[in-house]
Amino acid sequence: MRPESSKNEPFKGAVQAKSNAAHGLRDLFEVGLKDIYWAEKVLTKTLPKMVKNASSPELVNSLKKQLSETQEHVSRLEKIFEVTGIAPTAKKCDAMQGILKETNGLIKETDIGMVRDAGIIAADQKVKHYEIATYGTLHAFAKTLGENKAAELLAMNLNEEKNTDARLTGIALSAVNRQAFKADAITNT
């Protein structure tokens with residue numbers, strides 16, 4: 001076990017915190033809220049592009065439903081800002097920006113049809129897993145902080161993200177992956 005350290009004496013090898021660093025769980029909660037708020041707002045602009053590039057009717061419908069849910073997530077986050085007294089500010093989310101950059105690249109690097117659909121599902125599931133991790137963490141923070149209304153709203157977003165992830169897996173396994181595999185087999189013969 002490491003000995004206690006004062007704020008002025010970081011452990012050997014520790015990164016020195018910025019002057020505006022989070023000093024407590026509430027600060028960390030606020031940073032996370034602003035991060036996911038940015039991510040959800042950007043997704044409302046990205047999902048229509050994914051819809052335009054998907055060919056499977058099931059996937060198109062799922063992405064459209066996801067867009068509607070994402071818009072609701074933004075509204076819930078705004079309610080969370082309101083009930084917690086935190087300013088509703090979006091802070092650029094480097095992780096989501098990276099995932100979406102990868103998504104755009106994947107769309108450009110796949111043939112239109114089931115191969116692209118399989119890629120869209122894979123990319124979208126990376127988005128979902130990031131959101132699930134973030135909402136799960138923020139939910140735990142909110143509960144610890146006694147922010148019960150925020151915790152309730154975060155749990156709603158979390159459950160919808162999990163359901164969307166499961167729906168995407170179902171679409172992939174029911175047809176898209178198999179058809180993408182057949183396209184691969186035809187290409188390689």
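These legends walk through a few close-up views of a predicted model.

**View 1. Helices H1 and H3 packed together.** Helix H1 covers residues 25-53 and helix H3 covers residues 94-108. Their axes sit 11 Å apart, and the two helices pack at an angle of about 10°. Angles under 35 degrees count as roughly parallel, so H1 is roughly parallel to H3. On the H1 side, the contact is made by Trp-38, Ala-39, Val-42, Leu-43, Thr-46, Lys-49, Met-50 and Asn-53. H3 brings Met-96, Gln-97, Leu-100, Thr-103, Asn-104 and Ile-107 to the contact. What kinds of residues make up the contact of H1 with H3? They divide into eight nonpolar, five polar and one charged.

**View 2. A salt bridge within H1, between Lys-34 and Glu-30.** Here the closest N and O atoms of the two residues are 2.9 Å apart. Lys-34 and Glu-30 are four residues apart in helix H1, so about one helical turn separates them. Is Lys-34 buried or exposed? Lys-34 has 16% relative accessibility, so it counts as buried. Glu-30 has a relative accessible area of 26%, which means that Glu-30 is partly exposed.

**View 3. Arg-76 meets Glu-72 in helix H2.** This view moves on to H2, which covers residues 57-84. The side chains of Arg-76 and Glu-72 form a salt bridge, at 3.7 Å from N to O. Once again the spacing is about one helical turn, because Arg-76 and Glu-72 are four residues apart in the helix. Arg-76 counts as buried because its relative accessibility is 8%. Glu-72, with a relative accessible area of 38%, is partly exposed.

**View 4. Glu-82 and Lys-79, another pair in H2.** Side chains of opposite charge can pair when their charged atoms come close. In this case, Glu-82 and Lys-79 meet in a salt bridge of 3.5 Å, N to O. Both residues lie in helix H2, three residues apart, which is about one turn of the helix. How exposed is each partner? Glu-82 counts as exposed because it has 57% relative accessibility, while Lys-79, at 33%, counts as partly exposed.

**View 5. A small step back to a salt-bridge network.** Arg-76 and Glu-72 from the third view turn up again here, this time with Glu-160. Salt bridges with shared partners join Glu-72, Arg-76 and Glu-160 into one network. How many salt bridges are counted in the model? The count comes to nine.

Note on methods
Residues numbered from 1 in each chain as written. Predicted model: local features only at pLDDT ≥ 70, side-chain atom pairs only at ≥ 80, totals over all residues. Heavy atoms only, no water. Axes fitted to C-alpha atoms, helices over the stretch in contact; angles between N-to-C directions. Parallel < 35°, antiparallel > 145°, perpendicular 65-115°, else oblique. Contact = heavy atoms within 4.5 Å. Nonpolar A, V, L, I, M, F, W, Y, C, P; charged D, E, K, R; others polar. Salt bridge = Lys/Arg side-chain N within 4 Å of Asp/Glu carboxyl O. Buried < 20%, exposed > 50% of the residue type's maximum accessible area, 1.4 Å probe, protein only.
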